[in-house]
Amino acid sequence: MTFDDRVANDIKPEFEERMLKLLNGDKDDYQKFRLCISTHPLNSIRCNTLKITPDALKKKLESKGWKIHQYSPDNPEIMIILNDLQPGEIGRAEEHLLGYYYVQEISSMLPLLALKPQPGEKFFDCCAAPGSKTTQAAALMDNSGMILANDNSLGRIKVLASNLERCGVVNTIVSREDGLMLGNKLANRSDLRFDKVLADVPCTGEGTLRSSPSSAGSWSLKAIESFSKRQMMIAESALRLLKVGGLMVYSTCTHGPEENEVVVNYLLNNFDVELVPFNLPLKTRPGITEWGGVEFHPSLKYCARVYPHDNNTEGFFVSLIKKNSDNKNVGWKK
Amino acid sequence: MIIVLNFLMVLKMLNFRILNSKDREELFSSLNDTYGIKESDVSGLLTMGGKDKVRLLSKDITPEVLNLLNKNLRLEFLGLYICKLEKDGVRLSHDAANLFKDVITKSIFLADDRQSKEWLMGHEVLLTDEQIKSYENMKGFFVLKNSNDMIIGCGKLSNNRITNFVPKSRRLKK
């Protein structure tokens, strides 16, 4: 295990205080968290089943001398490379260039494992670049149905496009719109609605300190508040494109409740939606139902909090939301 | 004002056309002649955009939905780039060569390990003496396959060498 002092040196007292509170004041638990975020993350990849089977890929990679561990029997496409590799070696490999796998952190695969898009469905990914989840959805949908993948940055869309090509994806249309506006714009102008929606929104990235240690230095409460407002608007806009009875995942790679439960609570308060319980192939903790003296909807316990030290991954938050009707303001308020 | 707005709407629309049955027939006639790919092997919507590039979309994406999205959103990218119509034939894209690997029956070049590595690094392939005899009097587009049965792209054979079309971003680095 290699340690990265940059995180330890840059962590701010307010961040520590909040994390300790999220971990129910358990100092031992917090120490495990601190220790974990100071280490480099595992090398994980996702087999691109549009091009190769997990067994065939495993054999190819093992023939190069890589030691491969398949993460769970139900998800053989998720693999961990156990060797110490040179920096960039996974991205430079022939199998990667041919699109046989996607370099993706395990926690980042979780939203799609909860949402389970099916072949033939219509799927909307509102903040899609760089495309890890879009390509994962395409594989789960067996390249059928339709994916509308949106991002608002042309630079990021170029990376998304390159990843879609490399993975051989044919069921995706990419748009460049502001995530805040797209849902409202399309919903007002057409009857097109989607079976599944992914709102994996931009966030402060508290969960990615292992791979991006520098983000510890730029952490601030102000940024969290600013992201939270934008996240509510993006989630609301995305929800408009979900068909009645359809499922939406709202997810982030951060821990702060303002960017997670507060946003989901806002949706529960203002729209006819409900949270759906789901299982993931790793340890999760329930969403919190109170923060800063504010009580949330009791069903927020159905959200999944993923802490780095629980599974040796990055941190993540995942919620699965079902739309019951297009009505507004029928939800729970407190 | 309305005319200006409409003009701006048209400007921002992605420029493509959906191939009709006659276009498809012509395209697959060439694909079949060169690679053995028949129309029945490929299901889905085909579009043609700039630079005569043909893109493939899932059969579940209808022209109506595609046009609706293009009218209302700023589209940047559709499906997968599969081939380009050139003066001397149809050039398969790097990724289409892989996508159609099970139905490609013609114009396959078997590259040895050295050639495969050179190819993936972006270099042209120089044919060995033995290959020169095997591919004598042959030229045009070829799909390259390595000794592990992996499709590694599409190139153009002429004068005992195969021109490399592997995209820069997809090349092996030393």
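I looked up how helix α7 of chain A passes α8 of chain A, and the crossing is right-handed (clockwise turn of the near helix from the far one, by less than a right angle; anticlockwise would be left-handed). This is a predicted model, where local features need pLDDT of at least 70, side-chain atom pairs count only at pLDDT 80 or more, and totals for chains, interfaces and linings use all residues. Residues are numbered from 1 along each chain as its sequence is written, with chains lettered from A and ligands numbered from 1 in the order in which they are written.

I checked the axes next: α7(A), residues 106–115, and α8(A), residues 132–140, come within 10 Å and cross at roughly 45°. That makes α7(A) oblique to α8(A) (not under 35 degrees, over 145, or 65 to 115). Axes here are lines fitted to C-alpha atoms over the stretch in contact, with angles from 0 to 180 degrees between N-to-C directions. Helices are DSSP runs of H or I, at least four residues, and strands are E runs of at least two, numbered from the N terminus.

Which residues of α7(A) meet α8(A)? I found S108(A), M109(A), P111(A) and L112(A), facing a set that includes K133(A) and L140(A) (contact: C-beta atoms, placed from the backbone, within 7 Å).

Then I turned to the chains: 28 residues of chain B are in contact with 33 of chain A. On the chain B side, the elements giving two or more residues are β3 (53–57), α3 (63–72), β4 (75–78), β5 (80–86) and α4 (94–99).

Methods: Contact = placed C-beta atoms within 7 Å.
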